[in-house]
Amino acid sequence: MLQTIKDIFSVKDLRKKILFTLFILLLFRLGTFITIPGIDKTLLRETVGAESSGLSAMANLVSGGAFSRLSILALSIGPYITASIVLNLLQVIVPSLERLTKEGEEGRRKLNKYTKYLTIVFGLLEGLAAYLNYKSFLLTELQSGAGLILGAILFIGSLITGTALLSWLGDKITEYGIGNGISMIVFIGIVSGISGATETLIEVAQGGITGILIVVALLVAMIILLAGIVFVQQAERRIPVNYAKRVVGRKMYGGQNTHIPIKLAMAGVMPIIFAMSFMMFPSMIISFATKGDPQGIWSVIYNLFSVSQGSSWYYLVGYALIYMALIILFTFVYTMFIVNPVEIANNLKKNGGFIPGIRAGKNTSEYISSVLKNITAVGAVFLALVAVLPILLQGFTSIQITFSGNSVLIAVSVALEILKNLETQMVNRNYSGFLG
């Protein structure tokens, strides 16, 4: 391991990418401690913050604690993710957007620009909702009279600026660093909560033999969960492919056997991140529309999307069902965008490859599509169960789960993604990697 790390930093390009990524993530962590201008810090320190409800706890998880500190990065990359979801869904129904996906680099640049515009719109809406809920933390002179408008501008403007900056930093990580920038930002936010989770476990263990047994049970459950996540993330179905022999000039090509790897969790961690962001958005909009005091049907919808410990059982069950449905939906949608069975079948046919027992062309694409759907269904259900079961356990019992299934799943998935990225770059430079 030490030799591998030494080899990584001996490669100039790889070293620059790692150091650049660490620098951007350091800026993100520093930003989570910069409070919105005009916030009464004394009142904020004396109040138990915004971590009590399910909505706020989820926002705090994604933002790395910035939400509870009312930092300029309190919204994190939530608006950017929501904008990405909306734009991806619009590509299915808007022909002009669908055409952009087929125009290569130029089309991607235009889609990225549209995503940034939508990010500002969603940032404004979520910023307004946050302002209505937490404007009481502003200095007294910014809550009424002439200072009211200034307070709103400072609060909402800071959040929009923070979100725009963070989405830009995420793009820079993707372009010049290691891994997917958005995933990395969510990952570092989650990892930053390990110290707080450890302190909570220590406090529970100090409560006597019962506390120790609870901690041991949680640690065993965590180990089993980690093992399951790693297994699912690494598992794949290998579709065998044979290549016919062909003579070109005086040389013979083909004749070898290979396979198409279909990962059980092809979409990785993105469906979880998408679903988390989507679950946060309705409650924020309702808060905005009802000025922070939802009543009647709006109260029902608000509670359905922002459950916490102590919520009624029907809200918990409804929340779990919606959350599971979104995770499964986004798993299939995201997989559809990154894997094209028709394109794979055409490439196989073009290069003289075929799946044993399957006719080339349309039959091959249908077979790959069928396998992909079955495999994706298993992976989607696993992701949904890992995300939902800890929420239900905490909601129906008095057990305080310091690290949710979401956080563990995202942290492990992104860590494996980083390792694979480094592995690929090391192998390309004739070094042995972490996994080799």
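Serine S183 sits in helix α9, residues 181–191; helices here are DSSP runs of H or I with at least four residues, strands are runs of E with at least two, and both are numbered from the N terminus. S183 is buried, because its relative accessible area is 1%, where buried means under 20%, exposed over 50% and partly exposed in between, with a 1.4 Å probe and protein chains only. Leaving aside residues up to four places away in sequence, S183 touches V269, M270, I273, V414 and E417, a contact being heavy atoms within 4.5 Å.

The model is predicted, so local features need pLDDT of at least 70 and side-chain atom pairs count only at pLDDT 80 or more, while totals for chains, interfaces and linings use all residues. Residues are numbered from 1 along each chain as its sequence is written, and side-chain values use heavy atoms, with hydrogens and water left out.

Stepping back to the whole protein, there are 17 helices and five strands. Of its 436 residues, 44% are buried. Among contacts with a separation of 6 or more, 71% join residues 24 or more positions apart. The protein exposes about 22200 Å², of which carbon and sulfur atoms supply 64%; accessible areas come from the Shrake-Rupley method with a 1.4 Å probe, and for residues only the protein chains shown count as cover.

The interior comes next. In soluble globular proteins, nonpolar side chains tend to be buried together. A nonpolar core is a set of buried Ala, Val, Leu, Ile, Met, Phe, Trp, Tyr and Cys residues joined through side-chain atoms within 4.5 Å. The largest such core has 77 residues, and F155, Y323 and I410 touch the most other members. Helix α17 (residues 405–428) gives this core its largest share, ten residues. Another core, of 15 residues, lies apart from it and includes A235, I355, L372 and I375. As for F155, its contacts beyond four places in sequence are I36, I39, G127, A130, Y131, Y134 and L138.

Two helices invite a check of their length. The expected span of a helix is 1.5 Å times one less than its number of residues. For α14 (residues 313–338), with 26 residues, this gives 38 Å, and the end C-alpha atoms are 37 Å apart, which agrees. Buried residues of α14 include Y315, L316, Y319, Y323, L326, I327 and F330. For α11 (residues 209–234), also with 26 residues, 38 Å is expected and the end C-alpha atoms are 38 Å apart, which agrees. In α11, the buried residues are G211, V215, I229, V232 and Q233.

Helix α11 also holds V220, which counts as partly exposed because its relative accessibility is 44%. On the surface, V220 joins I209, I212, L213, V216 and I224 in a nonpolar patch with about 570 Å² of accessible area together. Such patches are made of residues with over 30% relative accessible area and no salt bridge, with like charges joined within 9 Å and nonpolar side chains (Val, Leu, Ile, Met, Phe, Trp, Tyr) within 5 Å; a salt bridge is a side-chain nitrogen of Lys or Arg within 4 Å of a carboxyl oxygen of Asp or Glu.

Finally, the backbone deserves a look. Most residues other than glycine have a negative phi. L70, not a glycine, has a positive phi of about 50°; L70 is in the loop between α4 (54–63) and α5 (78–93) and counts as buried, at 4% relative accessibility. S76 likewise is not a glycine and has a positive phi of about 50°. S76 lies in the loop between α4 and α5, and its 1% relative accessibility makes S76 buried.
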